Amino acid sequence: MHSFHPTLEHLPLLAGRRTLAYAITLVFCVVAWWLRLVLDPYFPPGFPYLTFFPAVILASFLFGRGPGIVAALLCGLLAWYFFIPPVHSFSMGRGTGVALFFYAGVVTVDILLVHWMQVANARLAAERARSDALAARTEILFEELQHRVSNNLQMVGAMLALQRRAVADGEAKRAIGEAASRLQLIGRIQRRLYGSRGEPLALDAFLTALVEDLAESAGRPGIRHIVEAHTAVLLPPDRAIPLALIVAEAIANAIEHGFADRDTGTILLQVCAQAAHVSLTIHDDGVGVAEGFDVATVDSLGLRIARSLCHGLGAELRILPGHPGTRVELSNIPIAPTAPVL
């Protein structure tokens with residue numbers, strides 16, 4: 001039924017060319033009269049209006065109430081003159097009044113029904129236009145809000161980075177620096193979500209853009225960043241920021257600790273989708289963590305935040321020796337793939 005909406009909303013046709021509409025209506029009446037004349041030998045007595053009713057309905061449906069009324073009057077006169085005894089006259093014979101009354105009642109109901117339908121369609125089209133305009137305005141406001149939130153977050157991060165220079169204590173300086181970098185990262189992610197209306201994001205494209213951003217921010221051109229996310233998986237926008245922060249923390253730790261004394265190396269991010277869950281693995285070929293490393297007992301602020309974010313996502317976080325390097329596994333993220341895993 002939806003495919004007919006555009007046509008119905010444009011009815012009645014030829015609203016700006018009424019002369020043509022009435023001319024076509026006359027053609028409908030003439031064709032109806034001709035058909036009734038040709039088929040007259042095959043019709044039993046008492047059906048003078050059989051081919052005229054469709055002409056009236058068609059004129060009303062296509063061109064509106066005015067042409068429908070004209071068609072009703074003309075068809076009624078043609079039927080009266082040619083097919084109601086005594087034929088070829090407008091005499092009021094036996095039963096003529098009843099036949100004309102019946103005809104008038106039927107065409108009046110037809111014209112009114114078609115007219116009311118077109119009025120309802122016009123109101124529906126106007127309401128849809130208002131809804132579309134409101135949706136467009138809402139989208140613009142939402143995008144502006146996204147833009148302002150992104151700018152404000154990055155501004156706060158920049159202010160923290162400036163304040164960090166005035167702090168003498170090493171631990172405080174490091175904590176402020178981490179907070180500033182995280183805020184700026186959230187701001188960049190928010191900007192990447194700019195224009196999103198809540199629809200899911202392609203996980204492979206999102207992670208690729210995120211890793212490229214992190215690599216550029218790190219300023220370590222000798223370290224290669226590779227993303228293998230060949231899965232048709234959609235990421236709900238509300239999970240984009242926590243997932244991005246966990247990935248950013250893993251990559252930052254790899255650069256800071258795994259490649260502390262090296263200028264070259266490789267960080268590989270892989271995505272594996274199974275049923276309604278997704279798993280991420282971040283593997284670097286750096287120094288690596290010690291055997292028996294337990295992420296649950298580490299008191300690092302970054303890892304505490306990562307554990308909290310994983311809990312919020314309903315996922316599991318493990319950090320293992322990679323032989324070589326370190327292997328960070330983020331498993332059982334409840335995100336359903338939209339297509340079979342390739």
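Mentor: Before we dig in, a word on classes: Ala, Val, Leu, Ile, Met, Phe, Trp, Tyr, Cys and Pro count as nonpolar, Asp, Glu, Lys and Arg as charged, and the others, Gly among them, as polar. Keep in mind that this is a predicted model.

Trainee: Okay, how do the residues lining the largest cavity divide by class?

Mentor: The lining is made up of Ile-246, Val-247, Ala-250, Leu-280, Thr-281, Ile-282, Val-328 and Leu-330. Thr is not on the nonpolar or the charged list, so Thr-281 counts as polar. The split is therefore seven nonpolar, one polar and no charged.

Trainee: Which elements each supply at least two residues of that lining?

Mentor: The cavity in question has a volume of about 40 Å³. Ile-246, Val-247 and Ala-250 are among its lining residues, and α8 spans 240-258. Leu-280 also lines it, and β5 covers 277-284. With Val-328 in the lining too, the elements are α8, β5 and β7.

Trainee: Now the second largest cavity: which element gives the most to its lining?

Mentor: About 40 Å³ of space lies in this one, and its lining consists of Arg-182, Leu-245, Ile-246, Glu-249, Gly-302, Ile-305, Ala-306 and Leu-309. Two or more of these come from α8 and likewise from α9. With four residues, the top contributor is α9.

Trainee: How do α8 and α9 run, roughly parallel or roughly antiparallel?

Mentor: Their axes come within 9 Å and cross at roughly 150 degrees. Angles over 145 degrees count as roughly antiparallel, so α8 against α9 is roughly antiparallel.

Trainee: What is the handedness of that crossing, and by class, what residues does the contact have?

Mentor: The crossing is left-handed. On the α8 side the contact is made by Pro-242, Leu-243, Leu-245, Ile-246, Glu-249 and Asn-253, and on the α9 side by Gly-302, Leu-303, Ala-306, Leu-309, Cys-310 and Leu-313. By class that gives nine nonpolar, two polar and one charged.

Trainee: Last one, the largest pocket: where does the largest share of its lining come from?

Mentor: This pocket has a volume of about 1200 Å³ and 44 lining residues, with Ala-248, Glu-249, Ala-252, Asn-253 and Glu-256 nearest its centre. Elements giving two or more residues include α5, α6, α7 and α8. By class the lining has 23 nonpolar, eleven polar and ten charged residues. The largest share, 13 residues, comes from α8.

Notes:
Residues numbered from 1 in each chain as written. Predicted model: local features only at pLDDT ≥ 70, side-chain atom pairs only at ≥ 80, totals over all residues. Heavy atoms only, no water. 1 Å grid on protein atoms, 1.4 Å probe; cavity = no way out; pocket = protein on both sides within 12 Å on 5 of 7 lines; lining within 4 Å. Points joined across faces, edges and corners; volume = space filled by probe spheres on them. Axes fitted to C-alpha atoms, helices over the stretch in contact; angles between N-to-C directions. Parallel < 35°, antiparallel > 145°, perpendicular 65-115°, else oblique. Left-handed = near helix turned anticlockwise from the far one by under 90°. Contact = heavy atoms within 4.5 Å.
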